[in-house]
Every structure is written in structure tokens, then in C-alpha cells.
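Q: Could you walk me through a few residues in this one? I'd like to keep it informal.

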Amino acid sequence: SYVRPCVEIEVDDVDVLVEFMNLLLTKNNWGELKSIGFPPQMVESSSDQGGRKAFIRIGGIDLSGAIRLRIRSKPLDQLICPDLVLDLDML
């Protein structure tokens, strides 16, 4: 609809890296992404709506293929465990 736009998201074969920055495994790269504004806000301010905020709606998320999760330690410069793979076609 033009009044309430909706976003459809399709994702295929995702690689996720979690990299710990310290030996206690308390700081990781996801915290750094948050400090620079990721993920982006799903609220947009629009002057043509009288200063009200408009929400961006997500209509659906379609995942296919596989998701690979890699967990590594930056100080040790090595993987903490073998990659974890979730094959979405098997679900």
C-alpha cells in the first residue's frame, strides 16, 4: 500500500562471524557494530507527516540455503569451535 509501505526480505546462504576481542569472551564484533548504528533504525522521521514518525514494516523474511556460524578469538587468532552449519532446506 502507498500509505503503509512494506518491505519483503529474501536471504540465501548466510555467513555469520562472531569474533571475540578479549580472552574473557565478553567483547565481540557485534557490540562494535551497534556503536556505529547497525542494525539501522526501522523508524523514519518525515516532515510531510507533521513531524510524526513513520515505521517501516517488514512483511516477511524468507531464508533459504544454509546459515554458517563462525566463532573465533581475535587475541588467539584462531577458531573457538568448528563452524556450525544449519541447512534450512533440511527443516
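A: To fix the terms, helices (H or I, at least four residues) and strands (E, at least two) are DSSP runs, numbered from the N terminus. This is a predicted model, in which local features need pLDDT of at least 70 and side-chain atom pairs count only at pLDDT 80 or more, while totals for chains, interfaces and linings use all residues. Residues are numbered from 1 along each chain as its sequence is written, and side-chain values use heavy atoms, with hydrogens and water left out.

Q: Where is R72, then?
A: R72 lies in strand β4.

Q: And is R72 buried or exposed?
A: R72 is buried, with a relative accessible area of 17%, where buried means under 20%, exposed over 50% and partly exposed in between (1.4 Å probe, protein chains only).

Q: Which residues is R72 in contact with?
A: Leaving aside neighbours within four places in sequence, R72 has contacts (heavy atoms within 4.5 Å) with L17, V18, E19, F20, D77, Q78, L79 and I80.

Q: D77 is on that list, so what is its phi?
A: Phi of D77 is near 55°, a positive value in a residue other than glycine, and D77 sits in the loop between β4 (57-73) and β5 (78-79). At 58% relative accessibility, D77 counts as exposed.

Q: Changing topic, what about the phi of L25?
A: L25, which is not a glycine, also has a positive phi, of about 60°. Most residues other than glycine have a negative phi.

Q: Where does L25 sit?
A: L25 is in the loop between β1 (6-20) and α1 (29-35), and is partly exposed at 41% relative accessible area.
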